[in-house]
Amino acid sequence: MVLGWRAMRQLRTSIPFAFLAALLVPANASAQILERDDHLRIGAHLGLGFGGEFDFSASTELGTAETDGDLDPSVGFGFRIEQPFLDFFSVGGLFEAMSHEADADNAEREWAFHFDLLVRIRAMFEVIRGELFLEPYAAMPIGFTLGVLPAPPLPGADDSTWPGWNIGALAGLTVITSSRVGGFIELGWRHFDIFNGDEVLGRDVDYTVTLNEFALNLGMMFMFQ
């Protein structure tokens, strides 16, 4: 009976310590994640656009002429820098250079350059303790675009700079290792509008090109200490 009473006392004493240890283990893991997660990051990616469509309009005081069509796959690259803050957000800058080509005879590949604010909502999970982390996220790039294409957009016309704006919605997954090097994949949608003008037969003509396409980005990133 004495042994049984002592065993019961030891059991009642050990339960709170076991519960405290169970609480401390995830806390330590979270601390490790946060320790790796609050440093500046840089990254680069290869970009692919597909399923794209464009709209072109030319407007004068007499009215607006419009046309649209499909795009061949777009290709390009990008660079980014970002700083995580709080636990679920990061903010940074994104530069992208993408080449686009209309799916039409005599079409030429033209370039668009995006200078964006990049906001991400994210969560980080430790897969292998202290070694491997997964970070699913949703991202929104938004900013300024410079297109380089003929104005007016006709074969043989000289290239001109078309200013405009862009926005996107991306879902992604980053894999981060203990060496602070990782990779990411993004899939989503990109949109931009660019504008130009000319004078034809004494009348001002305003041109607008709108592009929408799906985007797939594959990249690498590095996290500073």
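Is M140 buried, partly exposed or exposed, and what is its relative accessible area? We will come to that in Exercise 4, after a few warm-ups.

The model is predicted, so local features need pLDDT of at least 70, side-chain atom pairs count only at pLDDT 80 or more, and totals for chains, interfaces and linings use all residues. Residues are numbered from 1 along each chain as its sequence is written, and side-chain values use heavy atoms, with hydrogens and water left out.

**Exercise 1. Find the salt bridge of R190 and say which parts of the chain it ties together.**

Step 1: Start with the term. A salt bridge is a side-chain nitrogen of Lys or Arg within 4 Å of a carboxyl oxygen of Asp or Glu. The structure holds eight of them.

Step 2: Look for the partner. The side chain of R190 meets that of E96, at 2.6 Å from N to O.

Step 3: Place both residues. R190 belongs to strand β9 (residues 181-200) and E96 to strand β4 (residues 89-100), so the pair ties together parts that are 94 residues apart in sequence. Strands (E, at least two residues) and helices (H or I, at least four) are DSSP runs, numbered from the N terminus.

Step 4: Check the surroundings. Both R190 and E96 are buried. Buried means under 20% relative accessible area, exposed means over 50%, and partly exposed lies in between (1.4 Å probe, protein chains only).

**Exercise 2. Follow the salt bridge of E135 into its network.**

Step 1: E135 pairs with R122, and their closest N and O atoms are 2.8 Å apart.

Step 2: E135 sits in strand β7 (residues 132-150) and R122 in strand β5 (residues 110-122), so this pair ties together parts that are 13 residues apart in sequence.

Step 3: E135 is buried, with a relative accessible area of 0%, and R122 is buried at 3%.

Step 4: Salt bridges that share partners join R41, E82, R120, R122 and E135 into one network.

**Exercise 3. Which strands pair with β10, and in what sense?**

Step 1: Two strands pair if DSSP finds at least two bridges between them.

Step 2: Strand β1 (residues 41-60) pairs with strand β10 (residues 203-223) in the antiparallel sense over 17 bridges. As an example, A44 has M220 as its bridge partner in β10.

Step 3: β9 and β10 also run antiparallel, joined by 20 bridges. Here we meet R190 again, with E213 as its bridge partner in β10.

**Exercise 4. Describe two surface patches and one residue from each.**

Step 1: Patches are made of residues with over 30% relative accessible area and no salt bridge; like charges are joined within 9 Å, and nonpolar side chains (Val, Leu, Ile, Met, Phe, Trp, Tyr) within 5 Å.

Step 2: A nonpolar patch is formed by F85, L86, F88, F89, V91, L117, I121, M140 and I142, with about 800 Å² of accessible area together (Shrake-Rupley method, 1.4 Å probe; for residues, only the protein chains shown count as cover). The elements giving it two or more residues are β4, β5 and β7.

Step 3: Now the opening puzzle. M140 lies in strand β7 and is partly exposed, with a relative accessible area of 39%.

Step 4: A negative patch (Asp and Glu count as negative) contains E53, D55, E66, D68, D70, D103 and D105. β1 and β2 (63-70) each give two or more residues, and β2 gives the most, with three.

Step 5: E53, in strand β1, counts as partly exposed at 47% relative accessibility.

How values were computed. Charge placed at Lys NZ, Arg CZ, Asp CG, Glu CD.
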